[in-house]
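Student: I am new to this structure, and I would like to go through its helices slowly. Could we look at it together?

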Amino acid sequence: MKARTHDLAAITGLTIVVIVVSPLPPLHLATILVALLANQLGGIAPDIDQPTAPFWRNLPIGGVFGRFIGKMLGGHRFLTHSLVGVAFMAFLVHWLLAVLQPIMPHVQIDYVWWAFMIGMLSHLVMDSFTKEGVPWLLPIPIKFGFPPIRKFRITTGKGIESFIVEPVLIVLLIAICTVYYHVLVELFHNRIVG
Ligand SMILES: [Zn+2]
């Protein structure tokens, strides 16, 4: 799926989880902002195995790097699109956040980590709706998709994604935010400390 669809799915997934687990303990505003950024990065992170991914497109020699990393990761929709890849990223991101903690003392890194992981998992879920499917259980080399019959799934970048999937995600996100507005306001209102 396209990066924009993944961004939307990541923030929708995060909003749902926040509402389900609320009330959250007091959070710093810095935590909320960094968590939102991490969530969006998590939403597109699995596509670093693609030379044309947004990560790489924005770097000067990103295309070359992207091809190299893509090969190392086994090509598109391979390692980064599996539970093994999710577990690896979970460790990597946790380590990175721990390293960065001293320069962002107000950020509660556990929440940032969760936001990233929710974004990453939403990516795999969304890609499962596409024709290519997702190799969830690598090293078992089977790509899973939903619905199981391939021809009923979505083709990436085609009309259905732009004209149905994206609008549905936008409407869903707005509906959730409207219905659970009080939960989200509380998150930003009373609960920010320091
Ligand atoms: Zn992907």
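Student: How far apart are the end C-alpha atoms of H1, and what span should its 19 residues have?
Tutor: This is a predicted model, in which local features need pLDDT of at least 70, side-chain atom pairs count only at pLDDT 80 or more, and totals for chains, interfaces and linings use all residues. Residues are numbered from 1 along each chain as its sequence is written, and side-chain values use heavy atoms, with hydrogens and water left out. Helices are DSSP runs of H or I with at least four residues, numbered from the N terminus, and the expected span is 1.5 Å times one less than the number of residues. For H1 the expected value agrees with the distance between the end C-alpha atoms, because both are 27 Å.

Student: Which helices are included in what covers the buried residues of H1?
Tutor: Buried means under 20% relative accessible area with a 1.4 Å probe, protein chains only, and the buried residues of H1 include Leu8, Leu14, Val18 and Ile19. Contact means heavy atoms within 4.5 Å, and the cover over these buried residues includes helix H2 (29-44), H6, H7 and H8.

Student: Is H1 parallel or oblique to H6?
Tutor: Axes are lines fitted to C-alpha atoms, for helices over the stretch in contact, and angles run from 0 to 180 degrees between N-to-C directions. The axes of H1 and H6 come within 8 Å and cross at roughly 125 degrees. Angles under 35 degrees count as roughly parallel, over 145 as roughly antiparallel, 65 to 115 as roughly perpendicular and the rest as oblique, so H1 is, relative to H6, oblique.

Student: How many nonpolar, polar and charged residues does the contact of H1 with H6 have?
Tutor: Ala, Val, Leu, Ile, Met, Phe, Trp, Tyr, Cys and Pro count as nonpolar, Asp, Glu, Lys and Arg as charged, and the others, Gly among them, as polar. The contact includes His6 and Gly13 of H1, and Ser122 and Asp127 of H6. Sorted by class, its residues are 7 nonpolar, 6 polar and 1 charged.

Student: How is H5 placed against H6, roughly parallel or roughly antiparallel?
Tutor: Helix H5 (residues 83-100) packs against H6 with the axes 10 Å apart and an angle of about 155 degrees. That angle therefore makes H5, with respect to H6, roughly antiparallel.

Student: Which helices do the buried residues of H7 pack against?
Tutor: Helix H7 (residues 159-179) has buried residues that include Val165, Leu169 and Ile176. These buried residues pack against helix H1 (3-21), helix H6 (109-127) and helix H8 (181-188).

Notes: Helix = DSSP H or I, 4+ residues; strand = E, 2+ residues; numbered from the N terminus. Buried < 20%, exposed > 50% of the residue type's maximum accessible area, 1.4 Å probe, protein only.
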